[in-house]
Amino acid sequence: MSKKLLVIVIMVLCGFNLMGCKSQEEKEVKEILSQVDLKDEKEVLSESIDNEFTIDKDISQEDIEMKEILSQFDLSDEKEVWSRSIYDEFEIDRVIVIMKKMTIYSELELRHFGLSNGESLKYYWSKPTSDNTPHFRQILVIYLKDQGKDKVVEAIKELEKLDFVKIVEPQYIFEVQYYN
């Protein structure tokens, strides 16, 4: 393993945030990381019990990427679990996802959600405005391949397991009735 790759792997495992790089050194590390294919590098450093570095072959590129993603979120932001009924009126082809508070407002891709029934996603709100910055959370919709109320509930249960998700709900259908 090259020294440059070794440094990068250590930085990623220690939670070094490469996505919000500002200094020139951080930008250089980010550039090196973008050129390295970690799929071929199965050996990644981890700290052993006696504080010496050992080789851990079980950490995948996906694990490293997920650690980087999680470092962007306030994981102490309390999760809210959906507790409504399948009998409520809601769209049968999508779920609404509200992310936990973030330090960097990057847009995740559908693959980061690991949703087996996911077809596509669209961000409703991806970046804060000056009015809502302290309380801002990204809001997005994930469209499902297979449709039905049961598929929406399955997607909700699957997405609620993700540490960076605050709330997952169906997109409710509301009606306005006017009586004269």
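Which residues are buried in helix H3 (residues 61-70)? In this predicted model, the buried residues of H3 are Ile64, Glu68 and Ile69. Seen down the axis of H3, these residues fall within an arc of 140 degrees, so they line one face of the helix. A general rule helps in reading such a pattern: an α-helix has 3.6 residues a turn, so residues three or four places apart point the same way.

With that helix as a starting point, the overall layout can be followed. The protein has four helices and six strands, and, read along the sequence, these elements follow the pattern α-α-β-β-α-β-β-β-α-β. Of the 180 residues in the protein, 35% are buried. Among contacts between residues at least 6 apart in sequence, 70% join residues at least 24 apart. The accessible surface comes to about 11600 Å², and carbon and sulfur atoms account for 51% of that surface.

Some care is needed over how far the prediction can be trusted. The mean pLDDT of the protein is 77, and 67% of its residues reach 70 or more. Over residues 39-55, however, the pLDDT is below 50, although this stretch has 33 contacts in the model beyond near neighbours in sequence.

The strands can be followed through their pairings. Strand S3 (90-99) and strand S5 (139-144) run antiparallel and are joined by five bridges, and within this pairing Ile98 has Ile139 of S5 as its bridge partner. S3 also pairs with S6 in the antiparallel sense, over six bridges, and here Ile96 stands opposite Glu169 in S6. S5 in turn is joined by six bridges to strand S4 (residues 118-125), again running antiparallel, with Gly118 opposite Leu144 in S5. As for S6, six of its eight residues are buried, so this strand is largely enclosed by the rest of the structure.

Tyr124 gives a view of these strands from a single residue. Tyr124 lies in strand S4 and is partly exposed, with a relative accessible area of 36%. Although Tyr124 and Val141 are 17 residues apart in sequence, their C-alpha atoms are 7.2 Å apart in space. Leaving aside residues up to four places away in sequence, Tyr124 touches Ile96, Ile139, Leu140, Val141 and Gln171.

Helix H4 (residues 149-159) brings the description to the interior, since its buried residues are Val152, Val153, Ala155, Ile156 and Leu159. They cover an arc of only 160 degrees around the axis, which puts them on the same side of H4. These buried residues pack against strands S3, S5 and S6.

What gathers in the largest nonpolar core, and which of its members touch the most others? This core has 27 residues, and those touching the most other members are Val95, Val97, Phe113, Leu159 and Phe164. S3, S5, H4 and S6 each supply at least two residues of the core, while the largest share, five residues, comes from H4. Such a grouping can be read against a general tendency: in soluble globular proteins, nonpolar side chains tend to be buried together. Val95 shows the surroundings of one core residue in detail, for, not counting residues up to four places away in sequence, Val95 touches Leu140, Val141, Ile142, Val152, Ala155, Ile156, Leu159, Val168 and Glu169.

Note on methods:
Residues numbered from 1 in each chain as written. Predicted model: local features only at pLDDT ≥ 70, side-chain atom pairs only at ≥ 80, totals over all residues. Heavy atoms only, no water. Buried < 20%, exposed > 50% of the residue type's maximum accessible area, 1.4 Å probe, protein only. Arc of directions from axis to C-beta. Contact = heavy atoms within 4.5 Å. pLDDT = per-residue confidence, 0-100. Core = buried A, V, L, I, M, F, W, Y, C linked by side-chain atoms within 4.5 Å. Areas by Shrake-Rupley, 256 points an atom, 1.4 Å probe, with all protein chains shown as cover. Pairing = 2+ DSSP bridges.
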